[in-house]
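User: I should like to learn how to read the packing and backbone features of a protein model. Could you take me through them one at a time?

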Amino acid sequence: MARKREREHDVHIPMPQHKKRAQGSKSSAKSSKQQLPQLPPILDPSIAKSAFTHVGMLNTQAPSSESYERLEFLGDSYLGFLSAQIVHSRYPNFDPGKLSQARQLLVCNSTFAGFSTRYKFNERALLPVEIRAQEDHRGKLWTKTMGDLFEAYVGAIITSDPDHGYAIIDNWMTELWEPLLSSQVEADEINRNAKQELSVKIMTKGTKITYSDDAPMQKSSLKGRDIFSVKVCYTGLGYQDFWLGAGNGSSKSEAGYVAASKALQHPELPAIMEKKKEQDLINAAKKKELEEEHREKGHPKEA
């Protein structure tokens, strides 16, 4: 589903109440990354079944309500509203451009796909063969499907518990988003070592990190300066152009640093780092084997 949101006041949704969190709490962010919040249950078994059923698994006579499409629509809409309210409240000094950037990090497909994977929704989902075939290399269709599943799960919680579902989602998502919320950086707090840090964490032989334009350069309506948008993607170890983050800045260089800072907080990063560690061990073993072969043949050791 497209990330562009409709105005939420056209839908009757009760206004959630948010607790203001301390922005400087590193220990809170760290604990949130280490342990997932408990997964709220879907109370109605029939709705739970629909939440994990792709429309491609239904026969042509089945109503669309038996797939997750309607639930995804509701979840997508509410998460858009909730994320906008949270970033507006949490970052009073952000201009509209930075608020949009902060919200996009919360609601993009790759973020939701990461949540789905960590909660093992992929193991519960009923998916067509052509989508399931992308699970190992996590292509764009797989990422979108996992993102849709997460939105559908949110919609299912709301639908199965109309009285308390919104409050449950409010509390759950605020906690789940906390590491990403803590990663937001002001322009004067840009980590200019972020690219190097990201490279050290996930780069190995056969992998690639690319920085490219995320949107055409635009003028800030508030400050009259150029605003550049850069995204960072990762290829290798089973990933193909995997979106890790995006950032805005007064130059492409600055936007790239911000994008790398966001990438360092991406929920999929620990999994990539683990794969990189395994690949490094394989590479080291191959190098050692090659060196031993050279010694046996009387060749000098390679530099």
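Analyst: The following turns treat overall composition, helix packing, the nonpolar cores and selected residues. Please bear in mind that this is a predicted model.

User: How many helices and strands does the protein have, and what percentage of its residues count as buried?

Analyst: The protein comprises twelve helices and three strands. Of its 303 residues, 46% count as buried. As to contacts between residues at least 6 apart in sequence, 68% join residues at least 24 apart.

User: How should the packing of two helices be read? At what angle do α3 and α4 pack?

Analyst: One takes the angle and the distance between axes, then the handedness, then the residues that touch. Helix α3 (residues 69-90) packs against helix α4 (residues 96-107) at about 135°, and their axes lie 9 Å apart. The two helices are therefore oblique to each other, since an angle counts as roughly antiparallel when it is over 145 degrees and as roughly perpendicular from 65 to 115. Their crossing is right-handed. On the α3 side the contact is made by Leu79, Gly80, Ser83, Ala84, Val87 and His88, and on the α4 side by Leu99, Ala102, Arg103, Leu106 and Val107. By class, these are seven nonpolar, three polar and one charged residues.

User: What is the angle between α3 and α9, and how far apart are their axes?

Analyst: Helices α3 and α9 pack at about 55°, with axes 11 Å apart. That angle makes α3 oblique to α9. The crossing of α3 with α9 is right-handed. The contact includes Leu79, Leu82, Ser83 and Ile86 of α3, and Ile169, Met173 and Trp177 of α9. Its residues divide into ten nonpolar, three polar and three charged.

User: How is a nonpolar core to be understood, and which residues touch the most other members of the largest one?

Analyst: In soluble globular proteins, nonpolar side chains tend to be buried together. Here the largest nonpolar core has 49 residues, of which Phe150, Ile169, Trp172, Met173 and Trp177 touch the most other members. At least two residues of this core come from each of α2 (45-51), α3, α4, α5 (109-118), α8 (140-160), α9 (165-182) and β3 (239-249). The largest share, ten residues, is supplied by α8. Trp177 touches Leu79, Leu82, Ser83, Ile86, Leu106, Val107, Phe112 and Phe115, leaving out residues up to four places away in sequence. There is also a second, separate core of 15 residues, including Tyr234, Leu244, Ala259 and Ile272.

User: How does one read a residue in a loop? Is His266 buried or exposed?

Analyst: One considers its position, its accessibility and its contacts. His266 lies in the loop between α11 (252-263) and α12 (269-296). His266 is buried because its relative accessible area is 2%. Beyond its neighbours within four places in sequence, His266 is in contact with Ser110, Thr111, Phe242, Trp243 and Leu244. The C-alpha atoms of His266 and Gly114 are separated by 8.4 Å, although these residues are 152 apart along the chain.

User: What of the backbone? Where is Lys120 found, and where is Asp241?

Analyst: Here one reads phi together with the setting. Lys120 is in the loop between α5 and α6 (121-124). Its phi is near 60°, a positive value in a residue other than glycine. Lys120 counts as partly exposed because its relative accessibility is 47%. Asp241, in strand β3, has a positive phi near 50° and is likewise a residue other than glycine. At 39% relative accessibility, Asp241 counts as partly exposed.

Notes:
Residues numbered from 1 in each chain as written. Predicted model: local features only at pLDDT ≥ 70, side-chain atom pairs only at ≥ 80, totals over all residues. Heavy atoms only, no water. Axes fitted to C-alpha atoms, helices over the stretch in contact; angles between N-to-C directions. Helix = DSSP H or I, 4+ residues; strand = E, 2+ residues; numbered from the N terminus. Parallel < 35°, antiparallel > 145°, perpendicular 65-115°, else oblique. Left-handed = near helix turned anticlockwise from the far one by under 90°. Contact = heavy atoms within 4.5 Å. Nonpolar A, V, L, I, M, F, W, Y, C, P; charged D, E, K, R; others polar. Core = buried A, V, L, I, M, F, W, Y, C linked by side-chain atoms within 4.5 Å. Buried < 20%, exposed > 50% of the residue type's maximum accessible area, 1.4 Å probe, protein only.
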